[in-house]
Amino acid sequence: MSLDEDPMLTSTEESLVRMMWDEVFSSWLNIALVAAIFFLIYKILSPTKEPRPAEPERDLPPLKKQDMDLKQLREYDGSDNGGKGRVCVAVNGKIFDVTRGRRFYGPGGPYSGFAGRDASRGLATFSVEPVSDDYDDLSDLKPSELEQVKEWELQFNEKYDYVGRLLKPGEIKGSYSDDESDISEVDHDKKD
Ligand code: HEM
């Protein structure tokens with residue numbers, strides 16, 4: 001049935017719906033964005049086909065505070081390999097244990113492309129595509145995108161446990177004592 005024939009719509013509603021309809025279908029980019037929105041809503045709301053692992057975050061002890069390079073971070077992609085189902089994500093040079101958010105970042109989740117990786121560029125550019133395997137210094141990002149990354153870092157810091165720094169190639173690991181309870185409050189940029 002066309003919009004003209006729908007008896008339920010008043011003329012104001014009809015012109016509003018028509019406007020939105022025309023707007024959405026005015027360009028391929030809009031159509032692609034609408035498709036992406038529906039896809040992500042579907043991925044977030046649909047139950048995963050894989051059997052859900054028995055709440056791994058409850059069984060896993062807190063991850064020892066440590067700095068990691070990209071290769072080590074990759075182990076924590078939520079699979080049962082080295083990381084034993086744990087998921088870590090780096091944002092703005094900080095690594096967070098996001099195992100609590102497994103339904104987002106774990107296998108089959110809408111943001112699984114970030115698992116075991118540096119999500120900064122994806123978060124800055126609003127893209128959920130898997131990010132590059134190479135170290136990314138983000139130097140080409142616009143100031144507004146870098147601001148976006150910082151905002152995400154704050155959100156991750158609020159919600160998840162901080163693990164350590166993401167090491168640049170050739171950078172040396174810091175040492176953390178076993179009783180360091182929340183190293184996220186330490187100023188890592190401080191040079192001493
Ligand atoms: C296009 C449509 C999108 C929809 C409808 C959508 C929907 C949502 C919803 C409903 C949540 C909150 C879930 C909750 O707390 O229970 C969420 C969280 C999130 N979204 Fe999206 N999203 C979309 C696109 C994106 C894109 C493109 C990115 C990539 C930058 C993204 C990254 C995230 C992240 C990182 C979280 C936080 C998950 C957490 O709490 O750890 N989203 N999204």
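Visitor: Which protein residue is the single donor to the iron atom of the ligand?
Guide: This is a predicted model. In it, the iron atom of the ligand has one donor from the protein, an OH 1.9 Å away. Donors are counted within 2.8 Å of the metal. The residue that carries this OH is Y111.

Visitor: Where is Y111 found?
Guide: Y111 also has a polar side-chain atom 2.7 Å from a nitrogen atom of the ligand. Its place in the chain is the loop between α5 and α6.

Visitor: Which residues come nearest to the ligand?
Guide: The ligand has 16 residues around it. K159 has a side-chain N or O atom 2.5 Å from a ligand oxygen. For Y160, the corresponding distance to an oxygen atom of the ligand is 2.4 Å. The residues that come nearest are R103, Y105, Y111, K159 and Y160.

Visitor: Which helix gives the most to the shell around the ligand?
Guide: Four helices each supply at least two shell residues: α2 (28-45), α5 (102-105), α6 (120-125) and α7 (143-159). The top contribution is 4 residues, and it comes from α2.

Visitor: How many residues of each class does the shell around the ligand have?
Guide: Tyr counts as nonpolar in this scheme, and Lys and Arg count as charged. On that basis, the shell divides into 12 nonpolar, 2 polar and 2 charged residues.

Visitor: Why does the ligand lie between domain 1 and domain 2?
Guide: Look at who supplies the shell. The ligand lies between the domains because both give residues to the shell around it: domain 1 (11-45) and domain 2 (56-177).

Visitor: Is D97 buried or exposed?
Guide: D97 sits in strand β2 (residues 94-97). Residues it touches include L63, V87, C88 and Y160, leaving aside those up to four places away in sequence. Its relative accessibility is 8%, and the cut-off for burial is under 20%. So D97 counts as buried.

Visitor: Which side chains make a polar contact with the side chain of D97?
Guide: One polar contact, at 2.9 Å, joins the side chains of D97 and R86. Another, at 2.4 Å, joins D97 to T99. The partners are R86 and T99.

Visitor: What backbone oxygen does the side chain of R117 reach?
Guide: R117 is in the loop between α5 and α6. With 14% relative accessibility, R117 counts as buried. Among the residues it touches are L73, R74, S132 and D133. Its side chain reaches, at 2.6 Å, the backbone oxygen of V131.

Key:
Residues are numbered from 1 along each chain as its sequence is written. This is a predicted model: local features need pLDDT of at least 70, side-chain atom pairs count only at pLDDT 80 or more; totals for chains, interfaces and linings use all residues. Side-chain values use heavy atoms; hydrogens and water are left out. A residue is near a molecule or strand if one of its heavy atoms lies within 4 Å of it. A polar contact is a pair of N or O atoms within 3.5 Å; within protein, one must be able to donate a hydrogen and the other to accept it, and residues adjacent in sequence count only if both atoms are side-chain atoms. Domain bounds come from an automatic or database domain assignment. Donors are N, O and S atoms within 2.8 Å of the metal (3.2 Å for Na, K and Ca); water is not among the atoms, so sites may look incomplete. Buried means under 20% relative accessible area, exposed over 50%, partly exposed in between (1.4 Å probe, protein chains only). Contact means heavy atoms within 4.5 Å.
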